[in-house]
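Work through the exercises below with the sequence and the model open. Each task is followed by a solution in steps.

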Amino acid sequence: MTAETVSTLIQSIARRLDAVGIEDAGIDARLLLRSAFGWTAAQQLGQLLDPPPAIYLDDLESMVLRRETREPLQYITGSTEFYRRNFTVNESVLIPRPETEQLVVQTLAFVRERGIENPRIADICTGSGAIAVSLALELSAAEVHATDISSAALGVAQQNADDLNAELDIYEGNLLDPLSGAFDVIVSNPPYILASVMPSLQAEVTREPSLALDGGNDGLDVIRPLFEGILARLKPTNSAAYIEIDPPIEDAVLVLALATFPHAGISLLTDLAGLTRCVSIEHA
């Protein structure tokens, strides 16, 4: 990889990424270069007309080759942003999406509006730990527990907790099985993609762990037992559960929630794009 300036190098990488069908190839090119060179956005901008440092070019080329195979950018750079913080991610965990921040927002609002001073919170299928860590840091008086069936994912969650100085208890096991006692709030971003849709997912998404994506034939394979676990572990009053879902299964989820939690207030919440993204289960 050779280039006269940082600017022409970015343009060259962008053309390569565009050629393999990557959207926003220019943005990816700048982010890859920034990661390989260890630069901030300001440093990159300030050196656009300078020759690129030769010592980092081999690392950059390796990263670009990986991106050309449609490996997610976040796996290549090793991090992603979630709720204003940077989290470590790798191929063992689902990459946290901006829409998942809604689970954090809903929980914070509920706890504060209800005046719950020392909330006991559980994050099920925690993956990278982004939700649990965010809640632990935003609610310093909270007791936060996180579970996942994947030991590799929990290793990433623990690293993020350590890196960001978040206090939480992490358990390996299926859904709520490792937990005991009752909780004020339970949140989860479970697998919910219809099995029939899995083969047609974006190339980058197919590189993420199917264990965290595949919801079975009706998208409810994990949500059904998750709801049963929530029913057993959620406090009967002044409590809530917020579960991320996918628009194609919203009707089925609503029917299941109404049947499982007949005494709770059930509603479907939309994201900023107006798409159904969360089922809310709240007890007065």
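Buried means under 20% relative accessible area, exposed over 50%, and partly exposed in between, with a 1.4 Å probe and protein chains only. Helices (H or I, at least four residues) and strands (E, at least two) are DSSP runs, numbered from the N terminus. The model is predicted: local features need pLDDT of at least 70, side-chain atom pairs count only at pLDDT 80 or more, and totals for chains, interfaces and linings use all residues. Residues are numbered from 1 along each chain as its sequence is written, and side-chain values use heavy atoms, with hydrogens and water left out.

**Exercise 1. Describe strand 1 and its pairing with strand 2.**

Solution.
- Step 1: faces. In strand 1 (residues 79-82), Thr-80 and Phe-82 form the covered face, while Ser-79 and Glu-81 form the uncovered one.
- Step 2: pairing. Two strands pair if DSSP finds at least two bridges between them. Strand 1 and strand 2 (residues 85-88) run antiparallel and are joined by 4 bridges. Asn-86 in strand 2 is the bridge partner of Glu-81.
- Step 3: the turn. The hairpin of strand 1 and strand 2 has 2 residues between the strands, and Tyr-83 in this hairpin takes a positive phi near 50 degrees.

**Exercise 2. Which residues line the second largest pocket?**

Solution.
- Step 1: terms. On a 1 Å grid over the protein atoms alone, a pocket is an open set of points with protein on both sides within 12 Å along at least five of seven lines, where a cavity is a set of points where a 1.4 Å probe fits but cannot get out; lining residues have an atom within 4 Å of a point. Grid points are joined across faces, edges and corners, and a volume is the space filled by probe spheres set on the points.
- Step 2: volume. The second largest pocket holds about 230 Å³ of space.
- Step 3: lining. The residues are Leu-31, Arg-34, Ser-35, Leu-73, Gln-74, Thr-77, Ser-79, Thr-80, Glu-81 and Asn-86.
- Step 4: origin. At least two lining residues come from each of helix 2 (25-37), helix 5 (73-77) and strand 1.
- Step 5: character. Ala, Val, Leu, Ile, Met, Phe, Trp, Tyr, Cys and Pro count as nonpolar, Asp, Glu, Lys and Arg as charged, and the others, Gly among them, as polar. The lining then divides into 2 nonpolar, 6 polar and 2 charged residues.

**Exercise 3. Locate the largest nonpolar core and the elements that supply it.**

Solution.
- Step 1: term. A nonpolar core is a set of buried Ala, Val, Leu, Ile, Met, Phe, Trp, Tyr and Cys residues joined through side-chain atoms within 4.5 Å.
- Step 2: centre of contacts. The largest nonpolar core has 34 residues, and Ile-186, Ile-223, Phe-227, Ile-230 and Val-279 have the most contacts inside it.
- Step 3: elements. Strand 3 (120-124), helix 9 (223-233), strand 7 (239-244), helix 10 (250-260) and strand 9 each give two or more residues to this core. Helix 9 gives the most, with 4 residues.
- Step 4: the other core. Apart from it lies another core of 29 residues, among them Leu-108, Val-111, Ala-136 and Val-187.
- Step 5: one member. Contact means heavy atoms within 4.5 Å. Not counting residues up to four places away in sequence, Ile-230 touches Leu-176, Ile-186, Ala-241, Ile-243 and Phe-261.

**Exercise 4. Place strand 6 among its partners.**

Solution.
- Step 1: sides. Val-185 and Val-187 point one way from strand 6 (residues 185-188), Ile-186 and Ser-188 point the other way, and all are buried.
- Step 2: partners. Strand 6 runs parallel to strand 3, with 4 bridges, and parallel to strand 7, also with 4 bridges.
- Step 3: register. Val-187 stands opposite Asp-123 and opposite Tyr-242 in strand 7.
- Step 4: a neighbour. Ala-122 lies in strand 3 and is buried, because its relative accessible area is 0%. Beyond four places in sequence, the contacts of Ala-122 include Val-185, Ile-186 and Val-187.

**Exercise 5. Is Cys-125 buried, partly exposed or exposed, and which class holds Asn-165?**

Solution.
- Step 1: Cys-125. This residue lies in the loop between strand 3 and helix 7 (130-138). Cys-125 is partly exposed because its relative accessible area is 22%.
- Step 2: Asn-165. The loop between helix 8 (151-163) and strand 5 (169-172) holds Asn-165. Asn-165 is exposed, since its relative accessible area is 66%.
- Step 3: backbone. Phi is positive near 65 degrees in Cys-125 and near 60 degrees in Asn-165. Most residues other than glycine have a negative phi.
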